[in-house]
Amino acid sequence: MTVITGKQLFKSAINILKTPKPILKGLWHLQKAKPERYMSIGLLLEEQAIKNSSLIAIQFKDQCYSYEELNNQANQYANFLHEYGISQRDKVAIMLDNRPETIIIALAVVKLGAIACMINTTQKNAVLEHSLAVVDTRLIIADEIYHSTINDIKEHLSPALQKNIFYIPALKAPEHPIKFRDISKLVANYSVLNPDSTPKIQLKNSAFYIFTSGTTGLPKAAKMSHHRWFKSMSGMGMASLRLTSDDVLYLSLPLYHNNALTISLSAVFGNAATLALSEKFSSSRFWDEIRDHNATAFTYIGELCRYLLNVPKKDNDKQHGIKKIIGNGLRPEIWDEFQQRFGIEHINEFYGASECNLVFTNALNLPHTAGITPLAFTVVEYDIDNDEPLYNEKGKMIKVETGAVGLLLTKITKRSPFDGYTDDKESNKKLFKSVLKDGDCYFNTGDLVKYQGFRHISFVDRLGDTFRWKGENVATTQVEGQLNEFNQVDQTVAYGVELPHHDGRAGMVALTLNCPIHKFSTADFFQHVTSVLPSYAQPIFVRLREKQEITGTFKYKKTDLKKESYYPNISEELILIKQPKQNSYTALDESTITAINEKQLSF
């Protein structure tokens, strides 16, 4: 869809107004969500534990937790942590995969007014060490399976933090058991009563830190306040997705993502619905788990939908209870096919980011759009080649016309404040001032979007040094810094390239070596890449060249590299590829390119 028409808008509005109660409920809660209000995620859970005590809050495999049971267990952890010395504004690092304890512990932390730092469990070595340091965490709670990962960096942690590491037993007992402090046993005898701290928390207080690449460098910790969580609950979970207490929302995305921790959890808790939690996403088990949980909705990212489409068609593709889905990144080229094949009534696509101060949501159930927002924003003309906005003769940015593509800027106001990162300098880098008129202030999303009219947008691409792959933001400076450490590499230029039948951008690097190309050890380089970078940040393609092309200001000419992509006949340089299930980079040839183009090879 290029633009939204008035006819489409009117028709859709008539349909959703046939059931106005969820919308009015959402708008009422949205109006009440004032930053100064004494309200919090923990207090909401305590209220649901009274009003809807027997309703199921979480389903996981063969386990079920009612709202009362969930609140009681969160209280036991909270009371233990309080006695251990955790209080308001303290940071607790949580490095757990998808399991009920991840939610329980995060809830326990925020009940104390402390901040749950949700560690991306793919992080390791220098990246993990940085993430723990940047939030100055006082305590770590991790899954037993990450014991060796944490031990690898333990000597670099502060002496105090080294003494404050707890673990949760793995879901499957390991072959070689290890000794660790099992926090699940330590909390077992603690009180199930609500802690005194919960009613004293205001919506403006931080609840979570979500780690994001931002635009450059190592991961940054984006602040997620109770206020933003409640706005998501009201605007998306209630008014847009319109869940009820009869709904079961299936979640297979990792809980360290905002799509899970904020979008999904707030929608469920706000409506006393049920969260059906999966250990991890599996395209082969996805619909069977949907049926096992009697799910009526699920959360997605675009790549997840593409994986499901790649599974051979079955006669029971529409035999499920799913009526609505919520997520982001569903590309227009597969939107209709996905919706029709699986019989989805409402695709609640949205646009947002961990650090962004507002969200667009497809409340009106229109095709090929990230939806609408009532909050202030603008889309301005952008010069891709020079990597900067365009200005008029008065020195102000220029709004794009309806149907055009530009840079999305979101206005910072009292209604939509910018929580920022834990690093103020990094936060200030994301701000533009006096954009349309003197004194205004906007958050730079770093994203190109199409303005579709009637306050709707659709996502187009990411700008600058960051690209998106496997649902994660990849900072090219992080990749470059790690690969430059390899003893045969002189310079690294990292970027993302389009890959047929895949969403986002696949990682690619152009390397100049300090040795002859024929002596480059592809196997050793592979081992280095996989040891220092998370899986989503590992480059799929490697281009070997004699020198890098730079601009007059000593910037790498990434635009040309992106255009030339991974085709050897264009670059006339050696291109290597990291294929699935191989332990080395190998030369890319035409047969492999054909396999990629014909969907015979996927990453």
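When I say that two residues touch, I mean that they have heavy atoms within 4.5 Å of each other. With that in hand, hello everyone, and please keep in mind that this is a predicted model.

Let's start inside, with Phe208. Leaving aside residues up to four places away in sequence, Phe208 touches Ile41, Ala106, Val110, Ile115, Ala116, Ala222, Lys223, Met224, Trp229 and Leu261. Phe208 also belongs to the largest nonpolar core, which has 93 residues, and together with Phe269 and Phe298 it has the most contacts inside that core. Which helix gives the most to this core? That would be helix H5, residues 100-111, with eight residues. There is a second, separate core too: it has 43 residues, and Phe526, Leu533, Ile593 and Phe603 are included in it. As a general background point, nonpolar side chains in soluble globular proteins tend to be buried together.

Next, a residue with a polar side chain contact, Ser225. You will find Ser225 in strand S8, residues 220-225. Is Ser225 buried or exposed? Its relative accessible area is 2%, and the cut-off for buried is under 20%, so Ser225 counts as buried. The Ser225 side chain reaches the backbone nitrogen of Arg228 at 3.1 Å. Setting aside residues up to four places away in sequence, Ser225 touches Leu203, Lys204, Asn205, Ser206, Ala207 and Asp419.

For contrast, have a look at Glu129 in helix H6, residues 125-134. Glu129 is partly exposed, with 27% relative accessible area. Beyond four places away in sequence, Glu129 touches Ile153 and His156. Glu129 and His156 are 27 residues apart along the chain, yet 7.5 Å separates their C-alpha atoms.

Now to the strands. Strand S19, residues 405-411, is largely enclosed by the rest of the structure, because five of its seven residues are buried. S19 runs antiparallel to strand S16, residues 377-380, and four bridges join the two. S19 is also antiparallel to strand S21, residues 441-453, this time through six bridges. Leu409 is a nice residue to click on here: Thr378 stands opposite Leu409, and in S21 the bridge partner of Leu409 is Asn444.

Further along, five strands make an open sheet with mixed pairing, in the order S25-S26-S27-S28-S29. Why does one side of S25 and of S29 lack a neighbour in the sheet? Strand S25 (489-497) and strand S29 (586-587) stand at the edges and each has a single partner strand, so one side of each is left free of a sheet neighbour. S25 pairs with strand S26, residues 506-513, in the antiparallel sense over eight bridges. Within S26, Met508 stands opposite Tyr495. Helix H16, residues 476-483, packs on this sheet and touches both S25 and S26, and its direction makes about 150° with that of S25.

Last stop, the cysteines. How many disulfides does the structure hold? Zero. Take Cys356: it is in no disulfide, and the nearest cysteine sulfur belongs to Cys441, 13 Å away. The reverse holds for Cys441, whose nearest cysteine sulfur is that of Cys356, at 13 Å. A disulfide would need the two sulfur atoms within 2.5 Å, so this pair does not qualify. Both are buried: Cys356 has 1% relative accessibility, and Cys441 has 18%.

That's my tour, thanks for listening!

Note on methods: Residues are numbered from 1 along each chain as its sequence is written. This is a predicted model: local features need pLDDT of at least 70, side-chain atom pairs count only at pLDDT 80 or more; totals for chains, interfaces and linings use all residues. Side-chain values use heavy atoms; hydrogens and water are left out. Two strands pair if DSSP finds at least two bridges between them. Axes are lines fitted to C-alpha atoms, for helices over the stretch in contact, and angles run from 0 to 180 degrees between N-to-C directions. Buried means under 20% relative accessible area, exposed over 50%, partly exposed in between (1.4 Å probe, protein chains only). A polar contact is a pair of N or O atoms within 3.5 Å; within protein, one must be able to donate a hydrogen and the other to accept it, and residues adjacent in sequence count only if both atoms are side-chain atoms. A nonpolar core is a set of buried Ala, Val, Leu, Ile, Met, Phe, Trp, Tyr and Cys residues joined through side-chain atoms within 4.5 Å.
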